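Open the model in your viewer and keep the sequence panel beside it. The stops below are given as selections, each followed by what is there.

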Amino acid sequence: MSALRSVFTCMKSVSRSAVAMQSSQQRIIGLGLTGQRNLSQVAASSPFNVSRSLTQKLLGSSTYLSQKRFVQTKTSTGDTEMSDFLRNEIQAEKESLKATGKAVQVKGWDVQTEDADITFRKKYGSEEIKVVVNVNHAVDAEHDEDATEQGGEESGLTKMVCKPNFHVEILKGGSTLWFNCAMSPTEDMDHDEAPEQGGETYEDKFNIEEFSIYKGKLEDKTYVMSGEIMDGGFYDNLMNMLDERGINSDFVSEVTDFATLYEQKLYVNLLENLQDIVKKN
């Protein structure tokens, strides 16, 4: 496992630019349809019933239908059309939440939420561990592996997923070990190119972007080491330290599920607040 992580560490600097270019290309290509119906037909038949969830299934990218404005051809106020849109959008998102089922749990962690922030806390011996997540600007569309068409073939639909960056604070003996981490993009998970070790492969679902140690609080003058220039062995040991404390790929998967559901609830709450404002005279 250590040797494999070292190989990934050496490849990160080279692959990051390629991934960024590929991601940009996918977002542009994503403007085309992945569904069977023409998007203009959907919009024309029901311009206020294209929910965020449905739009993502059709577009397959983080570009929303609302970015292309429709010219009004009938006499109507902006507030009236907004009210119609909000009513249908809220209904669609609430139905989506009901279909999701019960709340997602992150095992072994105490969870606290405040607006867009999610904080996970636990103790590890004498250490106090805190993981802080912010769901803003972290939602994108991913291929929905659970969605299938008739005949068992993949549908090609996408789903909304929140994969936020996060930082870890480990308070130990008066000092804080600080890790700034980023979840690995799905396109990075290429099993065909992964090196083998003992007949097995292992892929971390997150990367350490930065590391630092401080007392008190992290300041601008505090030295922070970039993950891109870390020695491979040092990087592996840091990952193993996190793994021993329960911060691993399983944890990241649970955080992703929790953040996705939580962000959707925040989105619905924002729409409801706007709806109340629009209704006021």
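Residues with under 20% relative accessible area are called buried, those over 50% exposed, and those in between partly exposed. The model is predicted.

Start with Lys172 and Glu127. Their side chains form a salt bridge, with an N to O distance of 3.3 Å. Lys172 belongs to strand S6 and Glu127 to strand S3, 45 residues apart, so the pair links distant parts of the chain. Is each of the two buried or exposed, or in between? Lys172 has a relative accessible area of 44%, which makes Lys172 partly exposed, whereas Glu127, at 4%, is buried. Add Glu244 and Arg245 to the selection: together with Glu127 and Lys172 they are linked in a network of salt bridges.

Next, select Glu128 and Lys123, another salt bridge, at 3.4 Å from N to O. Here Glu128 is partly exposed at 42%, and Lys123, at 58%, counts as exposed.

Then select Glu142 and Lys163, whose side chains meet at 3.3 Å, N to O. Glu142 sits in strand S4 (residues 139–143), while Lys163 lies in the loop between strand S5 (158–162) and S6, 21 residues away. Lys163 is partly exposed, with a relative accessible area of 25%. The count of salt bridges comes to nine.

Move to residues 110–114 (strand S1) and 117–124 (strand S2). The two strands run antiparallel and are joined by five bridges; one pairing to display is Thr113 with Ile118. Two residues separate S1 from S2 in this hairpin, and Asp115 in the turn has a positive phi of about 55°.

Now show the largest nonpolar core, which has 34 residues; Phe166, Phe179 and Ile247 touch the most other members. Elements giving two or more residues to this core include S2, strand S7 (175–183), strand S8 (206–214) and helix H5 (232–244). Helix H6 gives the most, with six residues.

Centre on Phe166. Beyond its neighbours within four places in sequence, its contacts include Val131, Val133, Phe179, Met183, Phe206, Ile247 and Val252. A second, separate core holds eight residues, among them Ile90, Leu97, Leu261 and Tyr267.

Finish on residues 249–279, helix H6. How far apart are its end C-alpha atoms? They are 45 Å apart, which agrees with the 45 Å expected for 31 residues at 1.5 Å a residue. At the N-terminal end, Asn248 caps H6: a side-chain oxygen of Asn248 is 3.2 Å from the backbone nitrogen of Asp250.

Technical notes
Residues numbered from 1 in each chain as written. Predicted model: local features only at pLDDT ≥ 70, side-chain atom pairs only at ≥ 80, totals over all residues. Heavy atoms only, no water. Helix = DSSP H or I, 4+ residues; strand = E, 2+ residues; numbered from the N terminus. Expected span 1.5 Å × (residues − 1). Polar contact = N/O pair within 3.5 Å; in protein donor to acceptor, adjacent residues only side chain to side chain. Pairing = 2+ DSSP bridges. Core = buried A, V, L, I, M, F, W, Y, C linked by side-chain atoms within 4.5 Å. Buried < 20%, exposed > 50% of the residue type's maximum accessible area, 1.4 Å probe, protein only. Contact = heavy atoms within 4.5 Å. Salt bridge = Lys/Arg side-chain N within 4 Å of Asp/Glu carboxyl O.
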